[in-house]
Amino acid sequence: MTMRLSQAQARRIALAAQGFGRPRGVREPTMRDIQRVIDTVGCIQIDSVNVLARSQYLPFFSRLGPYDVSLLDRARDRAPRRLVEYWAHEASLIPPTTWPLLDFRMQRALSDSWGGMQSVARTRPDLVAAVLTEIEARGPLTSRQTEIALEHDVPRSKEDWGWNWSLVKNALEHLFWGGQIGSSGRTTQFERKYDALHRVLPPAVHPHAIEASDRPPVETAYRQLVEIAARAHGVATVQCLRDYFRLPVKATQPAIDRLVADDVLIPVEVEGWRRAAYLHRDARRPRRVEARALLSPFDSLVWTRDRVSALFGFDYRLEIYVPAPKRVHGYYVLPFLLGDELVGRADLKADRAAGVLRVQRLTWEPGRGGSSDRSELEAELDLLARWLALPAGTG
């Protein structure tokens, strides 16, 4: 018989799978705790918006409480790296062992990447080759530093096209998308630092970067990526499993079928879900989840909006790119997780000049927002403000 889960059971399974079933603040987080979050979620989205904090830092705060962000920087920037950057969900930080599994995306750099990247690869192969040589010789370099290095090493007449910044940038992005170079981190201005693969990937991985034939077969890669997504979800539909790494639609179902045949995934029915769902065999099934967290708009718990609605009855949309007069809830809106429910949302801004964390708009879900909810939110906001070194508190 097919296993049946209530919506509440599915919600608790999902929260536990994303690392929200553990208490926070018991002790000061260490690199071991950072690694536990990495292993739990498997993929951390990054984004340039810095109105509150860079998005990659927030999921760790939501799961661990206040922590030293230099731990995460070290995990990304210093060998042996625990995280490397690539196009996974979107621009993301992933464990180095996941990097070779995305070879199918690298192999389609000339067809799936953005127009500027494809254009420079097709029309300026000499530039792409020069950029690759420069990065391998001199990296890590930002795009601007690469342009300057090329002007020094391979001078070109200004009457020719020179080392045009936009062309160099597109060449770098083409090489990065194609898995020919990597990133050794980001500057404080969020500029990607491009570097040779053998300096980015640990020894156990970088042979895969050199020899394409050593990379896993595409069917194996899809299956492993789907399993990573399934572990991170606990229980999920095909859409959820596909979206985690933005996998091709046609490739996801065969990978799921194989995992079902291997007893890794268990078909289940979830109350109120119209689509088939799958439970990972190792998913925890807690009776209670007592979480409290403000969630980044780019947190993996809320990536798939249909999933958020199905699990929490919470209608969530990113309004960063919506004109201000048309926004319903605000610019940088963080859902508020309390217990095992999303009970409200807060549009937050770190006003560093004034030294305060500003709550620009606060919206509670129907039936929520009583004194207990408000007290819990105030405590979470105070915790966040202290972590962000905004000593004057909220305002």
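Mentor: Before we look at any residue, let us fix one term: a residue is buried under 20% relative accessible area, exposed over 50%, and partly exposed in between, with a 1.4 Å probe and protein chains only. This is a predicted model, in which local features need pLDDT of at least 70 and side-chain atom pairs count only at pLDDT 80 or more, while totals for chains, interfaces and linings use all residues. Residues are numbered from 1 along each chain as its sequence is written, and side-chain values use heavy atoms, with hydrogens and water left out.

Trainee: How do I apply that to a backbone feature, for instance to A389, and is A389 buried or exposed?

Mentor: The general idea is that most residues other than glycine have a negative phi, and most peptide bonds are trans. A389 is not a glycine, yet its phi is positive, at about 60°, and its place is in the segment after α17 (371-387). Its relative accessibility is 57%, so A389 counts as exposed. Helices here are DSSP runs of H or I with at least four residues, strands are runs of E with at least two, and both are numbered from the N terminus.

Trainee: Which loop holds F190, and is F190 buried or exposed?

Mentor: F190 sits in the loop between β5 (182-186) and β6 (192-195), and it too has a positive phi, of about 75°, without being a glycine. With a relative accessibility of 13%, F190 counts as buried. A positive phi of about 75° is also taken by G42, just after α2.

Trainee: Which residues does the cis peptide bond with omega of about -5° join?

Mentor: That bond joins A79 and P80, and P80 lies in the loop between α4 and β3 (84-87). Another cis peptide bond, with omega of about 5°, joins G139 and P140, where P140 belongs to the loop between α8 and α9 (143-153).

Trainee: Turning to the interior, which residues touch the most other members of the largest nonpolar core?

Mentor: In soluble globular proteins, nonpolar side chains tend to be buried together. A nonpolar core is a set of buried Ala, Val, Leu, Ile, Met, Phe, Trp, Tyr and Cys residues joined through side-chain atoms within 4.5 Å. The largest one here has 100 residues, and I34, L52, F60, Y86, V131, Y332 and L348 touch the most other members. Helix α13 (residues 218-233) is its main contributor, giving seven residues. At least three residues of this core come from each of domain 1 (101-152 + 164-214) and domain 2 (291-388), domain bounds being taken from an automatic or database domain assignment. The C-alpha centres of these two domains are 36 Å apart.

Trainee: What is F60 in contact with, leaving aside its neighbours within four places in sequence?

Mentor: Taking contact as heavy atoms within 4.5 Å, F60 meets I34, V37, I38, I44, G65, Y67 and L72 once those neighbours are left aside. I34, V37 and I38 are among the buried residues of helix α2 (residues 31-41), a list that also holds M31, D33, Q35 and V41. The cover over the buried residues of α2 includes β2 (44-45), α3 (58-64), α4 (69-77), α13 and α14 (238-244). Apart from the largest core, a second, separate core of 27 residues includes V235, W273, L279 and A293.

Trainee: How should I read helix packing, and at what angle do α13 and helix α15 pack?

Mentor: Two packed helices are described by the angle between their axes and the distance between the axes. Axes are lines fitted to C-alpha atoms, for helices over the stretch in contact, and angles run from 0 to 180 degrees between N-to-C directions. Angles under 35 degrees count as roughly parallel, over 145 as roughly antiparallel, 65 to 115 as roughly perpendicular and the rest as oblique. For α13 and α15 (residues 249-261) the angle is about 75° and the axes are 9 Å apart, so the two helices are roughly perpendicular to each other. Y222, R223, V226 and E227 of α13 meet A251, T252, A255, I256, R258 and L259 of α15.

Trainee: Which residues make the contact between α1 and α16?

Mentor: Helix α1 (residues 7-17) and helix α16 (residues 305-312) pack at about 125° with their axes 8 Å apart, and they are therefore oblique to each other. Their contact is made by Q7, A10, R11, A14 and L15 of α1 and R307, A310, L311 and F312 of α16.
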